[in-house]
Amino acid sequence: MHLARTRLETKDGAQTRIIASDDPDNGWVDVRTHERLARERAGATPGAAARIAAAVVPGSMSEALAGGDAFTDAVRAAIADTSGDARVTTPTLTNALDPLAYRDFMCFEEHFSFGYRWQNKPVPEIMYELPISYFGNPRAFIGPDDDVPWPHYTRRMDYELELGIVIGRPCTNVTPEEALDSVAGLTILNDFSARDIQAREMTGGLGPAKGKHFACGAGPYLTTLDSLSWESGLRMQARVNGDTWCDAISSEMIWTIAEIVAWTSQGEQLQPGWLLGSGTCNGGSTIEIGRELSPGDVVELEIEGLGVLRNRLGVPREGGWWPQARQPAEQA
C-alpha cells in the first residue's frame with residue numbers, strides 16, 4: 001500500500017490529511033474520513049467519531065505510524081472500502097513525511113569513493129567496516145512540487161538521489177534478520193546539497209551542516225515493503241528539465257536495508273517516523289558527472305515503485321550574514 005499526505009480545506013481551515021491507495025494511478029482515499037464514517041456507522045456520535053478518527057489517523061505521518069496496528073488497520077480498511085465515500089480526487093500532495101529524526105548514510109561505493117577523491121583524500125577503511133552516517137535536519141523537509149530554497153552562502157547547488165527507509169515500529173539492538181519487521185516502507189529522498197560551503201566546512205572534521213541543513217525533499221509517498229519487489233534492486237533515475245542525468249539501481253548498495261536499520265538500532269531506540277537515507281546512488285548527483293544546476297531548474301527523482309519527486313530550484317537569496325574570520329591565538 002501507498003501512504004501520502006495532502007492539504008484539505010475544511011470549515012476549520014486547511015488541514016493535513018493522510019491518504020492511502022493500493023494504486024496511486026487509480027485514486028486515493030482519506031483515511032481519517034473513512035475512519036470517522038466507520039465509527040458513526042458503529043454507533044458513535046458525529047463528534048465522538050471525529051475525535052476517535054483524529055486520534056487514530058492524525059495529520060502527522062510520524063504520529064500515525066506510532067499508533068501501530070490501530071493505524072495500519074484503519075489504512076487497510078479504507079483502501080478496501082469500495083463505497084467511494086472517502087475518495088479524494090486529484091489530491092495536491094505535500095511532504096509525505098514529518099520525520100522525528102533523519103540520519104543519512106553512505107552506502108553506494110562509487111559515490112562515496114568519488115566524494116573522497118573530490119576532497120583529495122583516500123577512501124578510509126571504515127567505509128567498508130561500518131555503515132557510516134550523519135544526522136540531518138528533520139525540520140527542513142519539503143514535499144512534491146515545492147520550491148527548493150537557495151541559501152545566500154552557496155552558488156553550487158546539487159541534488160542527491162537516495163532511497164529513504166522509514167521506521168514504522170520501535171526497535172533497539174535488532175539483528176538484520178529482525179530489522180525489516182520495524183520498517184514501515186520506502187520513499188524517495190533528495191538530500192539537497194550546497195557543495196561549495198560543504199567542501200569548506202567539512203575540512204573541520206565534523207559532518208556537513210550548512211551544506212545540507214537548508215532543505216531535503218521526500219515523497220511523493222511512502223510505499224510498504226510488501227508492495228514492492230525491492231530485493232533485487234529498484235531502478236533509480238534523476239532528470240533535470242526533462243533530461244536524464246542518472247540511471248542507477250539500489251542493489252549497488254554495499255550495505256543492505258536490513259543492515260542499515262540493524263546498525264542504527266545498536267545502543268539506541270529507533271522510533272516510528274525516523275527516516276534513514278541510503279546515501280546518494282552511484283552517479284546520483286551533479287558533481288559526479290560534471291554538471292551544474294541553475295535557479296529555476298526542475299529536478300525529478302524517480303525510483304521504481306515509489307513515484308516521482310519533483311522540485312524546482314529557487315532563486316539564490318541575496319544578502320545574509322557571514323561570520324568574521326578569527327586569527328589563531330599565536331597570530332593574534
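In this predicted model, helix α4 gives the largest share of the lining of the second largest pocket, namely four residues. That makes a handy starting point for a walk through the structure, pockets first.

**Two pockets**

Helix α4 covers residues 69-80, and both α4 and strand β11 supply at least two lining residues each to the second largest pocket. Thr72, Arg76, Val183, Ala184 and Thr224 are the lining residues that lie nearest the centre of this pocket.

The largest pocket draws on other elements: β5, α5 (109-118), β6 (133-135) and α7 each bring at least two residues to its lining. Here α5 provides the largest share, six residues. Nearest the centre of the largest pocket lie Met106, Gln119, Gln198, Met202 and Pro208.

Here are the two pockets set out together:

| Pocket | Volume | Lining residues | Make-up of the lining |
|---|---|---|---|
| Largest | about 520 Å³ | 29 residues | 13 nonpolar, nine polar, seven charged |
| Second largest | about 360 Å³ | 17 residues | eight nonpolar, four polar, five charged |

**Pro208, a residue worth finding**

Where does Pro208 sit in relation to α7 and β13? Pro208 belongs to the loop between α7 (195-201) and β13. With a relative accessible area of 9%, Pro208 falls under the 20% cut-off and is therefore buried. Leaving aside residues up to four places away in sequence, Pro208 touches Tyr134, Gln198, Glu201, Met202 and His213. Two of these names, Gln198 and Met202, also appear with Pro208 in the group nearest the centre of the largest pocket. If you would like a distance to check on screen, the C-alpha atoms of Pro208 and Gly277 are separated by 15 Å, with these positions 69 residues apart along the chain.

**Strand β13 and its partners**

Following that loop brings you to β13. Why is strand β13 described as largely enclosed by the rest of the structure? Eight of the eight residues in this strand, residues 216-223, are buried, so the rest of the structure largely encloses it.

Several strands pair with β13. Strand β1 (residues 2-10) runs antiparallel to β13, and two bridges link them; one of the bridge pairs is His2 with Thr223. Strand β7 (residues 141-142) pairs with β13 in the parallel sense, also over two bridges, and Phe141 stands opposite Cys216 there. Strand β11 (residues 183-190) is joined to β13 by four bridges in an antiparallel arrangement, with Asn190 and Gly217 as bridge partners.

**Helix α8**

Strand β11 turns up once more around helix α8 (residues 257-265), a mostly covered helix in which seven of nine residues are buried. Those buried residues are Ile257, Ala258, Ile260, Val261, Ala262, Thr264 and Ser265. Their cover includes β5 (102-105), β10 (161-167), α6 (176-179), β11 and β16 (275-277). After α8 comes Gly267, which has a positive phi near 75°.

**A five-stranded sheet**

Lastly, an open sheet of five strands, in the order β8-β18-β17-β14-β15, has mixed pairing. Strands β8 (147-150) and β15 (243-249) form its edges, each pairing on one side only. On average, neighbouring strands of the sheet are turned by 20° against each other, direction ignored. At the β8 edge, three bridges join β8 to β18 (residues 307-316) in parallel, and Trp150 has Pro316 as its bridge partner in β18.

Notes:
Residues numbered from 1 in each chain as written. Predicted model: local features only at pLDDT ≥ 70, side-chain atom pairs only at ≥ 80, totals over all residues. Heavy atoms only, no water. Buried < 20%, exposed > 50% of the residue type's maximum accessible area, 1.4 Å probe, protein only. Pairing = 2+ DSSP bridges. Contact = heavy atoms within 4.5 Å. Axes fitted to C-alpha atoms, helices over the stretch in contact; angles between N-to-C directions. 1 Å grid on protein atoms, 1.4 Å probe; cavity = no way out; pocket = protein on both sides within 12 Å on 5 of 7 lines; lining within 4 Å. Points joined across faces, edges and corners; volume = space filled by probe spheres on them. Nonpolar A, V, L, I, M, F, W, Y, C, P; charged D, E, K, R; others polar.
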